[in-house]
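Student: I should like to examine how the structural terms are justified here. Could we set each assignment against its definition?

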Amino acid sequence: MIKGLSIATVWVLDHDRAKEFYTEKLGLELRADMTMGEGGARWVTVGAPDQPDLMLTLMVPGAPAMDEESAAAVRKLVAKGVLGAGALATDDVRGDYERLRARGVEFVQPPRERPYGTEAILRDDSGNWFSFTQRRESDDLDLRACRVTSDRAATPWPARFPRCRNALVAPLRGHSGALESHAPDRVRFPIEGHPTGSE
């Protein structure tokens, strides 16, 4: 039985540079830095001090995980800055935003209020972007009110989402009726500056 997620992969362009960024700038702790056998792949993992059961493995695209053509394609996407690597949680997003900026972390969006909390967007040294979010302590967003219908063109945006104006929940492909927002095929944010796109 699956107990949870223990390791997540972040594709980076350089192991040493990424290790420095994630430990010295973001403040994560180094969990491992080793070579898998003679001439094998380098294995670098980091994690949050308060979350010992979850690690990020910083992987450079290439053998043995993928062929060179695939590796080149992944490197290009990473360097282009189109890959979202995940969401980092904080309990002081505005304070941490200032502290991380002082360390040289690039933010592409300052803290802004969202339905789910206060969110900033940062990029790592390779180009991956992360949501950097302080969740609301008492989230008053009623997901049951976030319904969508297949007739998107016929209903103006505010009327379709009276309580969810900052989040567009797209229906499952091929579904013809209304859906609850907890089962989306994709979620897009029609918010200026958000890297997930716009309406």
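Student: What makes strand β1 (residues 7-11) and β4 a pair?

Tutor: Strands are DSSP runs of E with at least two residues, and helices are runs of H or I with at least four, numbered from the N terminus. Two strands pair if DSSP finds at least two bridges between them. Five bridges join β1 to β4, and the two run parallel, so the criterion is met. One of the partnerships is that of Trp11 with Met59 in β4. This is a predicted model, in which local features need pLDDT of at least 70 and side-chain atom pairs count only at pLDDT 80 or more, whereas totals for chains, interfaces and linings use all residues. Residues are numbered from 1 along each chain as its sequence is written, and side-chain values use heavy atoms, leaving out hydrogens and water.

Student: How do you know that β3 (residues 42-47) also pairs with β4?

Tutor: Two bridges join β3 to β4, which satisfies the requirement of at least two. These strands run antiparallel, and Val46 has Leu56 as its bridge partner in β4.

Student: Why is Thr57 called buried?

Tutor: Buried means under 20% relative accessible area, exposed over 50%, and partly exposed in between, with a 1.4 Å probe and protein chains only. Thr57 has a relative accessible area of 1%, and is therefore buried. Thr57 lies in β4, a strand at residues 55-59 with four of its five residues buried.

Student: Which residues does Thr57 touch, not counting those up to four places away in sequence?

Tutor: Contact means heavy atoms within 4.5 Å. On that basis Thr57 touches Ile7, Ala8, Thr9, Val10, Trp43, Val44 and Thr45.

Student: What makes a set of residues the largest nonpolar core?

Tutor: A nonpolar core is a set of buried Ala, Val, Leu, Ile, Met, Phe, Trp, Tyr and Cys residues joined through side-chain atoms within 4.5 Å. The largest has 20 residues, and those with the most contacts inside it are Tyr22, Leu26, Leu58 and Phe107. The elements giving two or more residues to this core are α1 (15-25), β3, β4, α3, β7 and β8.

Student: What makes β5 (84-89) and β6 (106-114) edge strands?

Tutor: The open sheet of four strands has the order β5-β8-β7-β6, with mixed pairing. Both β5 and β6 pair on one side only, and are the edge strands. For β6, six bridges join it to β7 (residues 117-123), running antiparallel; Glu113 has Thr118 as its bridge partner in β7.
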